[in-house]
Amino acid sequence: MEGVIGAILTPEILLVVFLCTLYGAFVGAMPGLTATMAVALLVPFTYFMEPLAAVSAIVATTTTAIFAGDISGALLKIPGTPASAAYVDDSHSLARAGRPRTVLFVSLITASLGGLIGVALLATAAPELARLSARFSSYESFWLACLGLTCAVFVGGASVSRNFASLFIGLLIASVGIDVAVGHPRLTFGQVELLDGISFIPAMIGMFAMSELLRNAADPFPSRMPKFTVEPAGAAVAAAWREVRGRWARVLRSGGLGTVIGALPGAGADIAAWIAYAISRKTARNPEDYGRGAMGGVVEGGAANNAAVAGAWTPALVFGIPGDSVTAIAIGVLLLKGLTPGPQIFTTDADLVHALFASFALANVLMLVSGTLAILAATWLLRAPRPVLMPVVLMLSLVGGYAITNSTTALWIILALGALGFAMERARIPIAPAILGLVLGRVVEDNFMVSMLKARGDFADFFERTPSLILGAATLALWAFLLLRAGRETLARRRPSRG
């Protein structure tokens with residue numbers, strides 16, 4: 001253990017981790033720029049690093065970039081990651097209510113704690129989590145993705161019918177591209193750029209940022225628009241710590257849940273944050289506040305979000321199977337360094353694995369420093385007049401969307417989905433379920449088609465395995481409950497009209 005700590009606390013590793021946390025905070029806070037893009041841009045620099053420094057750089061960048069996605073979500077209502085979309089309505093409402101720094105420091109503290117919980121579980125239970133991950137087939141992945149979609153409807157603040165409408169809109173957008181079963185283009189209108197589908201980053205920018213810009217432009221009294229009130233940094237830190245300290249048990253629960261879900265194939269931080277948010281709402285004393293400014297949703301969603309980052313490394317290290325796009329890049333870097341992820345890595349390169357766990361912990365601690373700097377810098381920009389701020393947001397949104405695909409098609413997607421998001425808000429249809437439907441739609445379809453081919457059309461095979469039976473029964477039970485609740489809502493709306 002002393003050797004591992006000594007390897008991590010060298011000046012080189014400390015400098016690499018700290019610089020990469022600053023880099024991750026900058027990239028993650030920029031609308032449209034993702035943790036995956038940050039890591040991909042970092043890969044050329046890892047060629048000149050030692051294996052431990054290279055992996056530590058990836059870990060530090062990813063950890064901070066995932067948190068920094070909450071900054072644009074709270075301040076601009078542009079979630080930096082699909083996982084941030086689970087609680088973006090709450091964080092943005094709290095920021096608009098005069099607590100932007102408080103909610104962001106809450107996100108920072110819970111992200112750090114969630115990451116540390118994930119590291120602790122990863123270091124102590126990686127083989128067990130890996131065995132659980134190995135039992136998952138396409139059947140379990142299908143039901144898990146369906147459960148994530150169900151949570152989007154389950155926790156929505158609007159009526160069940162409106163939540164379902166939003167989810168189906170997202171699933172329709174996700175169906176754009178090549179049909180995985182027959183290889184036929186769907187809804188591409190002859191555009192080659194749409195064959196790979198619609199990237200969720202331009203979609204999120206359009207449905208959140210562009211729709212918000214259109215709403216501001218359509219306001220007949222722009223001078224009456226509420227302005228951000230930025231509280232002092234010291235008071236914000238103290239208030240954030242009180243919020244987190246009063247929910248320490250929920251942070252532990254969400255951190256453990258996020259680690260386990262992050263380790264499962266086809267899951268990741270997206271499903272982890274949504275499920276943690278759903279559990280938070282169902283167990284809260286004030287569930288009606290969720291979606292309108294509930295700090296509990298930010299606490300639990302943020303903890304699960306970053307804990308899942310550590311969990312995703314379980315299948316990557318133990319089996320060489322990437323848990324997400326970032327770990328896929330990390331596996332490539334390890335292979336370039338002459339290291340082969342797999343069960344043997346715990347015996348052939350045990351010191352490197354333990355040093356990796358230590359670098360995770362170090363990154364989550366140093367993230368408190370770089371994250372604080374990012375929060376102070378971002379909230380300072382809120383003092384800019386809105387006629388100046390809104391065009392800057394528009395420019396960053398369009399540049400970020402273009403950077404994802406290097407195609408002008410992304411700009412048209414942003415504009416089109418921005419108009420769609422504006423219309424959905426006017427119809428009081430929530431946007432967040434549509435984003436999750438877009439992210440998980442292809443996962444659901446791919447695993448469903450693979451499972452149907454394996455089962456030769458026999459749907460009973462979806463319940464043959466014990467894990468798939470449990471997940472399938474839970475998902476169907478939630479669907480039944482949602483349908484019953486939708487029926488009660490319909491009857492409640494009809495009674496006054498009859499009277």
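This is a tour of a predicted model, taken one selection at a time.

**Before starting**

Residues are numbered from 1 along each chain as its sequence is written. The model is predicted, so local features need pLDDT of at least 70 and side-chain atom pairs count only at pLDDT 80 or more, while totals for chains, interfaces and linings use all residues, and side-chain values use heavy atoms, with hydrogens and water left out.

**The whole chain**

Show the protein as a cartoon: there are 21 helices and two strands. Helices (H or I, at least four residues) and strands (E, at least two) are DSSP runs, numbered from the N terminus. The protein has 499 residues, and 55% of them count as buried. Buried means under 20% relative accessible area, exposed means over 50%, and partly exposed lies in between (1.4 Å probe, protein chains only). A contact means heavy atoms within 4.5 Å. Of the contacts in the protein with a separation of 6 or more, 79% are between residues 24 or more positions apart.

**H3 and H4**

Select residues 35-46 for helix H3 and residues 51-76 for helix H4. Their axes are 9 Å apart and the helices pack at about 160°. That makes H3 roughly antiparallel to H4. Axes are lines fitted to C-alpha atoms, for helices over the stretch in contact, and angles run from 0 to 180 degrees between N-to-C directions. Angles under 35 degrees count as roughly parallel, over 145 as roughly antiparallel, 65 to 115 as roughly perpendicular and the rest as oblique. H3 passes H4 in a right-handed crossing. A crossing is right-handed if the near helix is turned clockwise from the far one by less than a right angle, and left-handed if anticlockwise.

Now show side chains at this interface. From H3, Ala-35, Ala-38, Val-39, Leu-42 and Thr-46 take part. They meet Ala-54, Ala-57, Ile-58, Thr-61, Thr-62, Ala-65 and Ile-66 of H4.

**Ala-363**

Go next to Ala-363, in helix H17 (residues 350-380). Ala-363 counts as buried because its relative accessibility is 0%. Leaving out residues up to four places away in sequence, Ala-363 touches Val-17, Thr-21, Val-59 and Ala-60. Draw a distance from its C-alpha to that of Thr-61: the two are 302 residues apart along the chain, and the separation is 8.4 Å.

**Asn-305**

Select helix H13 (residues 295-311) and pick out Asn-305. Is Asn-305 buried or exposed? Asn-305 counts as buried, because its relative accessibility is 2%. Apart from neighbours within four places in sequence, its contacts are Ile-66, Thr-81, Ala-83, Ser-84, Tyr-87 and Ala-269.

**H11 and Thr-259**

Helix H11 covers residues 248-262. H11 has 15 residues, and the distance from its first C-alpha to its last is 21 Å, close to the 21 Å expected at 1.5 Å a residue. The expected span of a helix is 1.5 Å times one less than its number of residues. Buried residues in H11 include Val-251, Ser-254, Gly-255, Gly-256 and Gly-258.

Thr-259 is also in H11, and counts as buried because its relative accessible area is 0%. Which backbone atom lies 2.8 Å from a polar atom of the Thr-259 side chain? It is the backbone oxygen of Gly-255.

**H8, H9 and H19**

Helix H8 is residues 160-174, and its end C-alpha atoms are 21 Å apart, which agrees with the span expected for 15 residues. Its buried residues include Val-160, Phe-164, Leu-167 and Gly-170.

Add helix H19 (residues 409-426). The axes of H8 and H19 come within 12 Å and cross at roughly 170°, so the two helices are roughly antiparallel to each other. The crossing of H8 with H19 is right-handed. Ser-166, Ile-169 and Ile-173 in H8 meet Leu-417, Leu-420 and Met-424 in H19.

Then add helix H9 (residues 200-218), whose axis comes within 6 Å of that of H19 and crosses at roughly 60°. H9 and H19 are therefore oblique to each other. This crossing too is right-handed.

**Two loop residues**

Finish with two residues whose phi is positive:

- Leu-187 is in the loop between strand E2 (185-186) and H9. Its phi is near 55°, in a residue other than glycine. Leu-187 counts as partly exposed, because its relative accessibility is 42%.
- Arg-428 is in the loop between H19 and helix H20 (432-455). Its phi is about 60°, although Arg-428 is not a glycine. Arg-428 is exposed, with a relative accessible area of 58%.

Note on methods: Polar contact = N/O pair within 3.5 Å; in protein donor to acceptor, adjacent residues only side chain to side chain.
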